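Please look through the structure shown here together with its sequence. The report that follows goes through the surface, the helices, the cysteines and some backbone angles.

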Amino acid sequence: MSKNAHRHVITLVVCGLLTALGVILGGLLSIPAVPFGSYSLKIGFGVLPVILSGVLFGPAYGGIVGALTDLIQALLFPKGAYMPWFTVVGIFFGLVPGLFFMKKQKPTFLRLLAAVAAGQLFGSVFLNTLLLVELYGSPWQLIWVRLANQAVMIPLYAALLYAVCKLLARHKVLDKLERI
C-alpha cells in the first residue's frame, strides 16, 4: 500500500470515529429544548466532532462527517419525520469551519472562534431557523432564542476545540498522521 493510500485510510478511520462521536454526543447526550412548544433547539456537543473534522482534514471531510452525523442521528434517535434539508445544513457545520483551515493553518483560538462562529451563525441560527419556520411553522422569534444559545455555545465550542487541538499538538498526533 502506498503512503498516500495509507494516509487516506487513516483519515477515513478518524473521520468515522468522529462521526460516531458526533452521533452519540448529538443524539444520545444532548438536551432538547422546547422554547415555542415544539422541538426547535438542541443543547449539546454533537457538532464538535463535525467541526473538528473540518479543521483537521478540510471542508470536504468536514462536510461528509456533518452529513453522516446528521443522517445517522436521524436514523438512530428520530425526533420526527426525516427531513433531508437538515442533513444539508449538517454539511455546512463541517464545511464552513473547514474553509478556515484549507491551507493547514495553525488552529489559533481566534481562528477557531471565527470558524465556529461562521459555521454556527450560518447553519444553526440562519438556515436551521429558516427550515423550522418554513417546514413546521415555528415563529421567526425563534431566531432570537437560537442566537442567544449560540452566543454561549460558540465561545464554548471554540475553547473546547482549542484545547483538543493543543492536546493533539502536544502529543504530535497530527505530525504522526502527516508522516504516514
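## Surface and interior of a predicted model

A nonpolar surface patch of about 640 Å² is made by Ile64, Leu68, Leu71, Ile72, Leu75, Leu76 and Tyr82. The model under discussion is predicted. One of the patch residues, Ile64, is found in helix H3, and Ile64 is partly exposed, with a relative accessible area of 48%. Over a helix of this kind, residues three or four places apart point the same way, because an α-helix has 3.6 residues a turn.

Helix H3 spans residues 59-76, and Thr69 also has its place there. In contrast to Ile64, which is partly exposed at 48%, Thr69 is buried, its relative accessible area being 4%. Once the neighbours within four places in sequence are set aside, Thr69 is in contact with Thr19, Gly22, Val23 and Val50. Of these partners, Val50 belongs to helix H2, where it is among the buried residues.

Helix H2 covers residues 47-57 and is mostly covered, with 11 of its 11 residues buried. The buried residues of H2 include Pro49, Ser53 and Gly54, as well as Leu48, Ile51 and Phe57. After H2 comes Gly58, which has a positive phi, near 105 degrees.

### Cysteines

How many disulfides does the model contain? The count comes to 0 disulfides, and the distance between the sulfurs explains this for Cys15: its closest cysteine sulfur, in Cys165, is 14 Å away, which is too far for a bond, because a disulfide needs a pair of cysteine sulfur atoms within 2.5 Å. Seen from the other side, Cys165 is likewise in no disulfide, the nearest cysteine sulfur being that of Cys15. Both residues are nevertheless covered, since Cys15 is buried with a relative accessible area of 6% and Cys165 is buried with a relative accessible area of 5%.

### Helices H5 and H6

Helix H5, which runs over residues 109-136, has a kink of about 30 degrees that is centred on Gln120. H5 is followed by Gly137, and the phi of Gly137 is positive, near 75 degrees.

Helix H6 takes in residues 142-170, and Lys166 is found within it. Lys166 is partly exposed, with a relative accessible area of 42%. The C-alpha atom of Lys166 is separated by 37 Å from that of Met83, and the two residues are 83 residues apart along the chain.

### Positive phi angles

Most residues other than glycine have a negative phi. Against that background, Lys104 has a positive phi of about 55 degrees although it is not a glycine, and Lys172, also not a glycine, has a positive phi of about 55 degrees. Lys104 has its place in the loop between helix H4 (84-99) and H5, where it is exposed, with a relative accessible area of 53%. Lys172 lies in the loop between H6 and helix H7 (173-179), and at 46% relative accessibility Lys172 counts as partly exposed. The table sets these residues beside the glycines that follow H2 and H5.

| Residue | Phi |
|---|---|
| Gly58 | near 105 degrees |
| Lys104 | about 55 degrees |
| Gly137 | near 75 degrees |
| Lys172 | about 55 degrees |

Technical notes:
Residues numbered from 1 in each chain as written. Predicted model: local features only at pLDDT ≥ 70, side-chain atom pairs only at ≥ 80, totals over all residues. Heavy atoms only, no water. Helix = DSSP H or I, 4+ residues; strand = E, 2+ residues; numbered from the N terminus. Buried < 20%, exposed > 50% of the residue type's maximum accessible area, 1.4 Å probe, protein only. Contact = heavy atoms within 4.5 Å. Bend = angle between axes of the 7 residues up to and from the residue. Patch = residues over 30% accessible without salt bridge, like charges linked within 9 Å, V, L, I, M, F, W, Y side chains within 5 Å. Areas by Shrake-Rupley, 256 points an atom, 1.4 Å probe, with all protein chains shown as cover. Salt bridge = Lys/Arg side-chain N within 4 Å of Asp/Glu carboxyl O.
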